[in-house]
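Biologist: Please take one part of this model and go through it closely, residue by residue where that helps, and then place it within the rest of the chain. I would like a connected account that I can follow with the structure open beside me.

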Amino acid sequence: MESGLAPRLQGEFRLLWRRSFQSPLLSMAYVDLTCDGLCELAVESLKGLHILQHSLTQTASLILQRLRSRASALEKCLAQSPAGVELAEPDPEMQAAEDPDGLARTDREEVAESNG
């Protein structure tokens, strides 16, 4: 799993910001509350529930960096693969050809046999 940190900081924590609350904290959970693929920090205190979200600008920057890194790795992998590698043809027995009315040939034949 990628940490998104510079190589010299992997495995370490670094304080990025500090947040104070006026009342004691009861619990914290790092979960995806909005179902957008990004986790939020839910903090419960005696005064209520506080939701802390990531900066979308920083998140977008990190995603672009990771995509560039993966694209570069994929390009290197493809450059090292032997030329002339061909994909296997699909097995015709495993594929049912569809006709215009949406029935597979085998389905159409079964319907014809049951009606005839």
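Modeller: In this predicted model, strands β2 and β3 are joined by a hairpin that runs through 2 residues. Strand β2 covers residues 40-45 and pairs with β3 in the antiparallel sense, over 5 bridges. Within this pairing, Leu41 stands opposite Leu52 of β3, while the next residue of β2 to look at, Ala42, has Ile51 as its bridge partner in β3.

On its other side, β2 is joined to β1 by 6 bridges, and these two strands also run antiparallel. Here Ala29 finds its bridge partner in β2, and that partner is again Ala42. Taken together, the pairings give an open sheet of 3 strands, ordered β1-β2-β3, with antiparallel pairing. Because β1 (25-31) and β3 (48-52) each have a single partner strand, they stand at the edges, and one side of each is left without a neighbour in the sheet. Neighbouring strands of this sheet are turned against each other by 20° on average, if direction is ignored.

Ala42 is a useful residue on which to dwell. Its place is in strand β2, and it has bridge partners both in β3, through Ile51, and in the pairing with β1, through Ala29. With a relative accessible area of 12%, Ala42 falls under the 20% limit and therefore counts as buried. If its neighbours within four places in sequence are left aside, Ala42 is in contact with Ser27, Met28, Ala29, Leu33, Leu49, His50 and Ile51. This list includes the bridge partners Ala29 and Ile51. A further distance can be read from the backbone: the C-alpha atoms of Ala42 and Gln53, which are 11 residues apart along the chain, are separated by 8.9 Å.

Is Ile51, the bridge partner of Ala42 in β3, buried, exposed or partly exposed? Ile51 lies in strand β3, and its relative accessible area is 40%, which lies between the limits of 20% and 50%, so this residue is partly exposed. Ile51 also helps to make a nonpolar surface patch of about 350 Å², together with Val31, Leu33 and Leu49. Of these patch residues, Leu33, Leu49 and Ile51 also appear among the contacts of Ala42. As general background, the side chains of a regular strand alternate between the two faces of the sheet.

Beyond the sheet, Thr59 offers a second buried position to compare by eye with Ala42. Thr59 has its place in helix α1, which spans residues 56-80, and it counts as buried at a relative accessibility of 14%. Apart from neighbours within four places in sequence, Thr59 is in contact with Leu38 and His54.

To set these details in the whole chain, the protein contains 2 helices and 3 strands, and from the N terminus on its elements run β-β-β-α-α. Of its 116 residues, 9% count as buried, and both Ala42 and Thr59 meet that description. The accessible surface of the protein comes to about 10,700 Å², with 56% of it belonging to carbon and sulfur atoms. Among contacts with a separation of 6 or more, 17% are made by residues 24 or more positions apart.

Conventions: Residues numbered from 1 in each chain as written. Predicted model: local features only at pLDDT ≥ 70, side-chain atom pairs only at ≥ 80, totals over all residues. Heavy atoms only, no water. Pairing = 2+ DSSP bridges. Helix = DSSP H or I, 4+ residues; strand = E, 2+ residues; numbered from the N terminus. Axes fitted to C-alpha atoms, helices over the stretch in contact; angles between N-to-C directions. Buried < 20%, exposed > 50% of the residue type's maximum accessible area, 1.4 Å probe, protein only. Contact = heavy atoms within 4.5 Å. Areas by Shrake-Rupley, 256 points an atom, 1.4 Å probe, with all protein chains shown as cover. Patch = residues over 30% accessible without salt bridge, like charges linked within 9 Å, V, L, I, M, F, W, Y side chains within 5 Å. Salt bridge = Lys/Arg side-chain N within 4 Å of Asp/Glu carboxyl O.
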